[in-house]
Amino acid sequence: MFRYPTASLKPHREESLLGGHLWIFSGALQQPPHWIETGGLVDVKSSTGKFVARGYYNSRTDIAIRILTHSIEEPIGIEFLRQRINSAIELRQVFDPGQTNMYRLIHAEGDGLPGLVVDRYADILVAQIHTAGMERLRPLLTDALMTQTGAHGLLLRNDGQSRHREGLKVEEPVAVAGEVPSQLAVRENGVQFLVNPWQGQKTGFFIDQRDKRQAIRKYTLGKRVLNCFSYTGAFSVYAALGSSTTSVTSVDISSPAIEMARQHFTLNKLDPKAHQFVVADVFDYLEHAQSAGEQFDVVILDPPAFAKTQSARAQALKAYLRLNTLGMQAARPGGILLTCSCSGVIDLDDLLGVLSQAAQHLHRSVQLLEIYAHGVDHPVNLAMPETAYLKAIFCRVG
């Protein structure tokens, strides 16, 4: 029997844990276990002294304990990490490596490893450690990831500001195993891309939109397409590949991202001169298009997160409403609008409500066509719907 320091719950606070939830908020504890170091492992017991779960503790955050296992017989060590990683690898075997060799390998709570995100780009892993508990497991994680995946290199991207909340330092990216080049050639659904794991957004690419990019192709054949917040042009490339008569306009505020989008067109044997690449603020661009009466057959709205905390939710909803109103105005009657949100505090009903408000304001009808959430490599623990963040809605604007 493995013994860890213990923390006791208040009466009746174990129900959600028994249902599979992986968070314990500080208010659920009888008293804060100050004797446990930040990130230290702890056994959680009910008010009657019965073992409930095992996880790691942090006194600095509202989420006091993040659960790693509900089994008293499962110690937290190298074998535990190997088993969780192997389970994640098994799920990702749905991908044909000849068509797709980049995907999320570890999706935090969704794969039973809270605080850890790992993306795979061909033979390179890019990891982000968001919590103090996972930080303490870093040496074991490095060993387990390299051993179980057979990867050639592991890059740590611990440069996210969220680490401050856990009492962790924001670090420069560092290769902790093998060699990690500054540019990787990867493929997704047979489409070719270049990724810079050291400097790109997130871990280098927005992997979570893979299935939505594939879905957009059927709507764009021979059409005039506007891709807003295009970043390095992934949606744009998918849209253009369907037909030589398709015309795509990619808009992003980042000049380097737009330049990489051009490279991605060339990489996939598409002539970038047949398309438009615009460095601009998307809101400014859409307002100018509206005043000029310019419209497109397909409009893609895939903005960055407008709200990362609950306090920013109200302002974010206003921004989503403004964006989707402008997006609808840019869509011709009968055109397709794809609107997305990666803000965790904005749920699907919120985004549908925004669409409804925009449609009513513009006196336009909207037909709901398809709704997407997370792909197979971004699993969500059913007991933790609050960890879901991605919404994508395809609709037809009358």
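In this predicted model, Asn-189 is partly exposed, with a relative accessible area of 22%. The residue sits in the loop that joins strand S11 (184–188) to strand S12 (191–195), and its phi is near 55 degrees, a positive value in a residue other than glycine. Ala-122, which is not a glycine either, has a positive phi of about 55 degrees. Ala-122 belongs to the loop between strand S7 (116–121) and strand S8 (124–129), and with 23% relative accessibility it counts as partly exposed.

Ala-122 also leads to one of the open spaces of the structure. The second largest pocket has a volume of about 230 Å³, and of the 14 residues that line this pocket, Pro-97, Asn-101, Tyr-103, Arg-120 and Ala-122 are the closest to its centre. Strand S6 (102–107) and helix H4 (138–149) are the elements that give two or more residues to the lining of this pocket. By character, the lining of the second largest pocket divides into six nonpolar, five polar and three charged residues.

Closed spaces come next. A search of the whole structure finds two cavities of 30 Å³ or more, and the table sets out their volumes and the character of their linings.

| Cavity | Volume | Lining residues by character |
|---|---|---|
| Largest cavity | about 40 Å³ | eight nonpolar, one polar, one charged |
| Second largest cavity | about 30 Å³ | three nonpolar, one polar, four charged |

The largest cavity is lined by Leu-116, Ala-127, Ile-129, Arg-138, Leu-141, Thr-142, Leu-145, Leu-154, Leu-156 and Val-176. Strand S8, helix H4 and strand S9 (153–156) each supply at least two residues of this lining, and the largest share, four residues, comes from H4. Helix H4 is thus named for a second time, as it also gives two or more residues to the lining of the second largest pocket. Around the second largest cavity stand Arg-104, Asp-119, Lys-202, Phe-205, Ile-207, Asp-208, His-378 and Tyr-389.

Another loop worth following is the one between helix H1 (15–18) and strand S2 (23–25), where His-21 is found. Is His-21 buried or exposed? At 10% relative accessibility, His-21 counts as buried, the cut-off for that word being under 20%. A polar atom of the His-21 side chain lies 3.1 Å from the backbone nitrogen of Trp-23. Leaving aside residues up to four places away in sequence, His-21 touches Ser-16, Ile-67, His-70, Ala-383, Met-384 and Glu-386.

The cysteines remain to be described. How many disulfides does the structure hold? The structure holds zero disulfides. A disulfide is a covalent bond between the sulfur atoms of two cysteines, and the pair of sulfur atoms has to lie within 2.5 Å to be counted as one. For Cys-228, the closest cysteine sulfur is that of Cys-340, and because the two sulfurs are 11 Å apart, they are too far from each other for a bond. Cys-340 is likewise in no disulfide, and its nearest cysteine sulfur, that of Cys-342, is 8.7 Å away. With 0% relative accessibility, Cys-228 counts as buried, and Cys-340, at 1% relative accessibility, counts as buried too.

Conventions:
Residues numbered from 1 in each chain as written. Predicted model: local features only at pLDDT ≥ 70, side-chain atom pairs only at ≥ 80, totals over all residues. Heavy atoms only, no water. Buried < 20%, exposed > 50% of the residue type's maximum accessible area, 1.4 Å probe, protein only. Polar contact = N/O pair within 3.5 Å; in protein donor to acceptor, adjacent residues only side chain to side chain. Contact = heavy atoms within 4.5 Å. 1 Å grid on protein atoms, 1.4 Å probe; cavity = no way out; pocket = protein on both sides within 12 Å on 5 of 7 lines; lining within 4 Å. Points joined across faces, edges and corners; volume = space filled by probe spheres on them. Nonpolar A, V, L, I, M, F, W, Y, C, P; charged D, E, K, R; others polar.
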